[in-house]
Amino acid sequence: MMYTYKAGTANYPRNFTDKLFINYRNEFDFSEITDTTARFIEENQLLDKELWISFVRQFEGTPDASNLGWRCEYWGKMMRGACLVYSYTKNPELLGTLSATVRHIMTMQDERGRISTYPVSNEFNGWDIWGRKYVLLGMQYFLEINEDEELKDEIIASMCRQVDYLIGKLGNGEGKLRITRTSRHWYGLNSSSILEPVVRLYNITGDKKYLDFAQYIADEGGTYAENIFRLAEKKELRLWQYPVTKAYEMISCFEGLLELYRVTKTEWYKNALVNFADLILEDELTVIGCAGCTHELFDHSAVRQANTNNYRIMQETCVTVTLMKFFLQLDLLTADAKYIDAFERAYYNAYLGSVNRNGDISKDHDDLFTRNGVEPAVLPFDSYSPLTAGPRGYGIGGFQVIGDGKFYGCCVCIAAAGVGVVPKAAVLASSDGIAVNLYINGTVETETPSGVKLTLKTETAYPASGNVKITLSPEKEEEFTLCLRNPQWSEKTALNVCGEETAAEKGYIKIRRNWKNGDTVELDLDMRTELIRPTPYGTQVLMNKVIWGESSITVPTFDREDPEAKNHFALRRGPIMLARDSRLEDDIRAAVVPKTSGGFAEVSECNTDIDTLVSVDLTLEDGKTLTLCDYSSAGRDWANSELAVWMKTTN
């Protein structure tokens, strides 16, 4: 659990493992893409009472038993995101909807304490434990926004019964089943991710049996093939060399290890966590902030991302959102701003690109609907994101029929958590001040370490512009440290504090002074457009050939660099990746040569007929220009348009 920071008290986390903290009392009023996205999701997904009822009804029978499915995850996965969104919008209608569905899900608990879509005769199989994990997480995130003490007690009692049943069945004792043997998939990796809510339940109840169970799960190492936590601690293998490479599930396991570290302060856990996060940054993160060019697997995607032969099922939204959540956790743990740089890259590119604001239905889905006997329906999120030239809207991640001619998917359920976690990350607390991570136009009401109320008013067109002005309005004058994130990509950052030019250090800029009402800080971030070229890699052996059937595992496969990859380039402007869009030109596959100087491309802002966050004209070597837009806005017409963030060139 992310510890609640309470300013003005001695109620810092007793272990002091973290360096930064989420202040759950912060209030936000944003006036840009974060606000419109949160309210879009709320209106088009989270307030849909019938959808919540459908999710709960999956637990009335055993629909997952026949195909070892994952309908069991839908309720809890979307509940987590809904609670995060509510903490921003504070919409009483949404709180009422969530309260009703929590009460409804608890009626699905059987006499044994189980809430499962698998029968007892076929439990501890497929995605059963994974789904139970999400029921627990959904309830735990709801407790963070719940105001009904009686309901709180009912929820905690329900969670205890759920986990008590698992403790009685799983473990190393006689007659018990090992946690890593409770799934045929991914060597038990998916089941092991229940570590996170078990630790959180210990934090809520203080009952040591839950900590003991969590310790047992961690000691099992995540899979029966190999202890992934020890692999990360040693950092001798890269993630694409692990015996299991399923990205989303692996990150989820490390989220659980982080929660356990906060309780136990076991030092090698922290080393494993930092190494794991850094392996993602070094090897797996693509220019749009996601991972996986083969299905949803760690596959050395940092070097493979410009290959034109990558599979279209790639850059999964589940992976994007989970990376965002994990990178925020690493920033809390280490106060290293590079993790928020990665968070921001994922948010402004892969995540916002997945939001289906146009209400499109891809032609690619027609056969899927027909084969499964479901009615076509608009989903508010896309599941996969292209990198080289291609369309959005390919495939529906985690597709499952949920009855009455309806269907849903895993990525659609998780996506609300992406925008929901943005306000949490925007302004954090520290022992001696506050840290501003994200430059979002609007106001944040927070407090200083001594409890003095503080309003931060940010005026900016970021990420379209690098000019940021923050006005501080403390209730009374006070000395504290203001930390401002100076992104790694900003090579030339100008800083002005109360009218005086000040040096801007890398990472977090730390400004300690007596702050009074009306004081200002101004940043001018380097928004030059950087040219990025693919990393040559030749050949390698990946653990990314998926074997489906009785088991979902990975086996070695020989990978050769696509010879066409080198003939591509990408353009980064601040946190934004620029992209070609077939609505702006005739042929996005035609090779172009950008005019560059010192590694930067020559661009000028322009207007287009399509909705964008950023649109520019790129100057080409032949004197012509090419109109580009931000990746998240590109390819919005799923049925008729294509986009490319890796653009074709001749050299």
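**View 1. Helix α1 meets helix α3 in this predicted model.** On the α1 side, the contact residues are D35, A38, R39, E42, Q45 and L46. On the α3 side, they are M78, A82, V85, Y88 and T89. By class, this contact has 6 nonpolar, 2 polar and 3 charged residues.

**View 2. The axes of α1 and α3 cross.** Helix α1 covers residues 33-46, and helix α3 covers residues 74-89. Their axes come within 10 Å and cross at roughly 130 degrees. An angle from 115 to 145 degrees counts as oblique, so α1 is oblique to α3. The crossing of α1 past α3 is left-handed.

**View 3. L484 sits in the largest nonpolar core.** This core has 216 residues. Y351 and L484 have the most contacts inside it. Leaving out residues up to four places away in sequence, L484 touches V436, Y439, I470, L495 and G507, and also Y508, I509, I511, V521 and L523. In soluble globular proteins, nonpolar side chains tend to be buried together.

**View 4. L531 lies in strand β14.** The strand spans residues 529-532. L531 has 22% relative accessibility, so it counts as partly exposed. Buried would require under 20%.

**View 5. L531 has contacts beyond its sequence neighbours.** Setting aside residues within four places in sequence, L531 is in contact with F569, A570 and L571. Its other contacts are P594, T596, G599 and F600. L531 and R572 are 41 residues apart in sequence. In space, their C-alpha atoms are 6.7 Å apart.

Definitions and conventions
Residues are numbered from 1 along each chain as its sequence is written. This is a predicted model: local features need pLDDT of at least 70, side-chain atom pairs count only at pLDDT 80 or more; totals for chains, interfaces and linings use all residues. Side-chain values use heavy atoms; hydrogens and water are left out. A nonpolar core is a set of buried Ala, Val, Leu, Ile, Met, Phe, Trp, Tyr and Cys residues joined through side-chain atoms within 4.5 Å. Buried means under 20% relative accessible area, exposed over 50%, partly exposed in between (1.4 Å probe, protein chains only). Contact means heavy atoms within 4.5 Å. Axes are lines fitted to C-alpha atoms, for helices over the stretch in contact, and angles run from 0 to 180 degrees between N-to-C directions. Helices (H or I, at least four residues) and strands (E, at least two) are DSSP runs, numbered from the N terminus. Angles under 35 degrees count as roughly parallel, over 145 as roughly antiparallel, 65 to 115 as roughly perpendicular and the rest as oblique. A crossing is left-handed if the near helix is turned anticlockwise from the far one by less than a right angle, and right-handed if clockwise. Ala, Val, Leu, Ile, Met, Phe, Trp, Tyr, Cys and Pro count as nonpolar, Asp, Glu, Lys and Arg as charged, and the others, Gly among them, as polar.
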